[in-house]
Every structure is written in structure tokens, then in C-alpha cells.
Amino acid sequence: MTAFNRLTDVPLSLRDRYLASLREPQEWFLEELVKSGEVWASPSGAYAIFHNDRLVEFYAENSADATLYLSKLIPQLPFKTGLCKSFDHMIMDAAKKLGWATVETGFLFRKRVSVVLNKPDTFRLLRARPTDLAEVWATGRDFYDGKDEVAQLHDADGLWIASNDGQMVGSGVAIPLDGSGDVVDIGMVTRPDQRNKGFASLVIDELATLLEREGKRPICGCAETNLASKAALENAGFVSEHRLVQITAPD
């Protein structure tokens, strides 16, 4: 079994096989870490991606060798933790066989049931305009990474404005996942003085319904500690059957 070598990119065909092996769509949060991660691969058919010394993706063409590949990563590329989806059974099974600890750190929503929400007649969800961007950033600083991200979302037609009675009450995002077909990751943020009024659920419900009518599949997720977002997503019909999991190698 060949050692891992540093590469500039994962061989596309190999990553395509990884994504096809997943029972559910990739998580956008992890996809962002993967895009800026450090790639290591073995010529015998396995690869690993690290972001700030944390494993964020792992795959072996021969699943029977996954545990051995993972064990070989430790002495060659010392790391302590990794992030994965609970439906990524290859790395989950390998980590458990190696005696690594697993802790759930986030809720992943891949299923949605029909719901009916009480929506004020004055509630609107519309695509953001350039003149909205400053207010989106001002009211969503605890959600967006910065003004540049807000602008990029707008330029990609992925930024939405929620208003009630003419006042902006929050914003929503819709981000297509690369190579996933019609899967779109959605999210929302409510301005601080308008929280706990049901607007977050309305944003998610409107976005999800719009995408579903276009034949697309909305997905979403939130941190394990973000119970307010979890409740908002569940109120909009989303059901969490999967988790974001941190794996930790023993000392």
C-alpha cells in the first residue's frame, strides 16, 4: 500500500466516485473547507483532504482497505481531529474500528415534510438588489463572513431579502452544490430585533418551496448548539436524520 503524496487537486474521477458513494448530498460547510484544503493522495486509490490540520474528507476506492489507509495517515501526516457526515459510512466505520472518539457537532437536514405556516399578508421574500447589500451585512453580521461574501452571493443570484410591512426582517441564501445536480443548500438570518417572531421559518419555507417547484432539492444544516436555527428549520418542515460528526484520534 503506497504512501500518501501531496497533490494540488484530487483526481476528478476519484472525487466523483467519492461523492457518488454518499447516500445523501455533500454538506456545503464541508465543501467550502475542501475547496481551500490540502490534498494528499495514494497512487493505489485513496485520498485525504485537510483544512488547518483537520481531516475534512477521506476516500478509498477499495472500502475494505479504508481502515488501513486511515491508520497510515496518522504517522505520515499527524492530525488529531476530523469532520465528516454521519452518512459517510466509510470514514465513520473506519474511525470506529480504530477506536476513535465520535461527537455529534451539527444537524444535517436532507428530508422535508409539508407544513402550513401562518404568514402575514405583508411578508415578502424577493431577490436582493444591489442597494440592499449594506443592510444585509449590517443585520446579518453573525451569519455572513463579511461584505465580500454578501456581494458574491448577490452576484450569484443566491441572496434573498425578507421584509414585513416594508421593513427588512432578515435574509436568505440559496447555494447550489457543485457537481450535485439540482441540490441547493439554503440558510437564513433574522435581524436581531425581529427574532423569535417566526420570520426565520418563513424564509426557509418560502425558499424551499420555490426550489421544489423548480424541481430542485433544498438541504440545510446548523450547529448542534444552535437550537434556535434547528427549531426554525424544523418548523419549516425539515427533518434531521443525519449529523455532522467530529472524529478524534486517541493520544
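How many aromatic pairs does the structure hold? The structure, which is a predicted model, holds nine aromatic pairs, and several of them are described below together with strand pairing, a pocket and two unusual backbone angles.

## Aromatic pairs

A pair of aromatic rings is described by the distance of the centres and the angle of the planes. For Phe50 and Phe79 the ring centres are 5.1 Å apart and the planes meet at 65°, so this pair is edge-to-face, given that an angle over 60 degrees counts as such. Phe50 belongs to strand β3, residues 46–51, while Phe79 is found in the loop between α3 (66–76) and β5, so the pair ties together parts that are 29 residues apart in sequence. Both Phe50 and Phe79 are buried.

The rings of Phe109 and Phe238 also form a pair, with their centres 6.4 Å apart and their planes at 80°, so this pair too is edge-to-face. With Phe109 in strand β6 and Phe238 in strand β12, the pair links distant parts of the chain that are 129 residues apart. Phe109 is buried, and Phe238 is buried as well.

Elsewhere, Tyr18, Tyr47 and Tyr59 are linked into a cluster by ring pairs. A ring can also face a charge: the charged end of Lys230 sits over the ring of Phe107, at 5.0 Å from the centre of that ring.

## Strand β12 and its partners

Strand β12, which covers residues 238–248, pairs in the antiparallel sense with strand β5, residues 81–85, over five bridges. Within this pairing, Leu83 stands opposite Gln246 of β12.

Strand β12 also pairs with strand β6, residues 101–112, again in the antiparallel sense and here over 10 bridges. In β12, Ile247 is the residue that stands opposite Thr102. The ring pair described above joins these two strands as well, since Phe109 lies in β6 and Phe238 in β12. As a general point about such elements, the side chains of a regular strand alternate between the two faces of the sheet.

## The second largest pocket

The second largest pocket holds about 510 Å³ of space. Its lining is made up of 22 residues, and those that lie nearest the centre of the pocket are Arg15, Asp16, Leu19, Glu31 and Asp178.

Helices α1 (12–21) and α2 (28–35) each supply at least two residues of this lining, and the largest share, four residues, comes from α1. By residue type, the lining divides into 10 nonpolar, five polar and seven charged residues.

## Two residues with positive phi

Most residues other than glycine have a negative phi. Asp53, although it is not a glycine, has a positive phi of about 65°. This residue lies in the loop between β3 and β4 (54–60), and Asp53 is exposed, with a relative accessible area of 61%, where a value over 50% is needed for that description.

Asp157 is likewise not a glycine, yet it has a positive phi of about 60°. The loop that holds Asp157 runs between α6 (147–155) and β8 (159–164), and Asp157 is exposed, with a relative accessible area of 53%.

Methods:
Residues numbered from 1 in each chain as written. Predicted model: local features only at pLDDT ≥ 70, side-chain atom pairs only at ≥ 80, totals over all residues. Heavy atoms only, no water. Pairing = 2+ DSSP bridges. 1 Å grid on protein atoms, 1.4 Å probe; cavity = no way out; pocket = protein on both sides within 12 Å on 5 of 7 lines; lining within 4 Å. Points joined across faces, edges and corners; volume = space filled by probe spheres on them. Nonpolar A, V, L, I, M, F, W, Y, C, P; charged D, E, K, R; others polar. Phe/Tyr/Trp six-rings, centres within 6.5 Å; stacked < 30°, edge-to-face > 60°. Buried < 20%, exposed > 50% of the residue type's maximum accessible area, 1.4 Å probe, protein only. Lys NZ or Arg CZ within 6 Å of the ring centre and 35° of its normal.
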